[in-house]
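Subject: Structure for you to look at

Hello,

Here is the structure I said I would pass on. Please open it first, then read the notes underneath.

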Amino acid sequence: RLVDPASGDAVWVHVELIDANHCPGSAMFLIKGHFGCVLHTGDFRLHESMLSHPSLLEHPIDLIIIDNTYCHPRHVLPSREEAQAEILRLVGAHLPRQRILVGVDSLGKEELLVAIARHA
């Protein structure tokens, strides 16, 4: 049971996880309650489908807590689809003559590895 420390009244909080399009299992937190509506992005990769997500359109967001590590105009990153297409083009240009090594020292490369395996 949650209690408002100022009034002593019981309060409710609704927390919804929304796909963050970052790595498998990554999520943004949409938190709604008597305080309003808060979106905490954590690490995420913006995709146009997020702009029409029903939960994000349902209520106005009062506060966004955003991970802005690469949120600067000097960081122009391709979409996942563009990056994958370029990697597949490069892999196709070198296979089967050369071995290809793909570094996967972190999460988030699983879809790319599947695409390379299908392409090869």
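The notes below cover a surface patch, one loop residue and one helix. Please keep in mind that this is a predicted model.

Surface patch. Leu2, Val13, Val15, Leu17, Phe29 and Phe35 together make a nonpolar patch of about 520 Å² on the surface. Strand β3 (residues 13-19) gives the largest share of the patch, with three residues. Leu2, also in the patch, sits in strand β1 (residues 2-3). With a relative accessible area of 45%, Leu2 counts as partly exposed, because that class lies between the limits of 20% and 50%.

Loop residue. Thr41 lies in the loop that runs between β5 (36-40) and α1 (54-58). Is Thr41 buried or exposed? Thr41 is buried, because its relative accessible area is 2% and the cut-off for buried is under 20%. Leaving aside residues up to four places away in sequence, Thr41 is in contact with Ala27 and Met28, and also with Ile64, Ile65, Ile66 and Asp67.

Helix α3. This helix covers residues 110-119, and Leu112, Ala115 and Ile116 in it are buried. Viewed down the axis of α3, the buried residues fall within an arc of 100°, so they line one face of the helix. An α-helix has 3.6 residues a turn, so residues three or four places apart point the same way. Glu111, Ala117 and Arg118 are exposed on the other side of α3. The cover over the buried residues of α3 includes α2 (80-94).

Regards

Definitions and conventions. Residues are numbered from 1 along each chain as its sequence is written. This is a predicted model: local features need pLDDT of at least 70, side-chain atom pairs count only at pLDDT 80 or more; totals for chains, interfaces and linings use all residues. Side-chain values use heavy atoms; hydrogens and water are left out. Patches are made of residues with over 30% relative accessible area and no salt bridge: like charges are joined within 9 Å, nonpolar side chains (Val, Leu, Ile, Met, Phe, Trp, Tyr) within 5 Å. Accessible areas come from the Shrake-Rupley method with a 1.4 Å probe; for residues, only the protein chains shown count as cover. A salt bridge is a side-chain nitrogen of Lys or Arg within 4 Å of a carboxyl oxygen of Asp or Glu. Helices (H or I, at least four residues) and strands (E, at least two) are DSSP runs, numbered from the N terminus. Buried means under 20% relative accessible area, exposed over 50%, partly exposed in between (1.4 Å probe, protein chains only). Contact means heavy atoms within 4.5 Å. The arc is that of the directions from the helix axis to the C-beta atoms.
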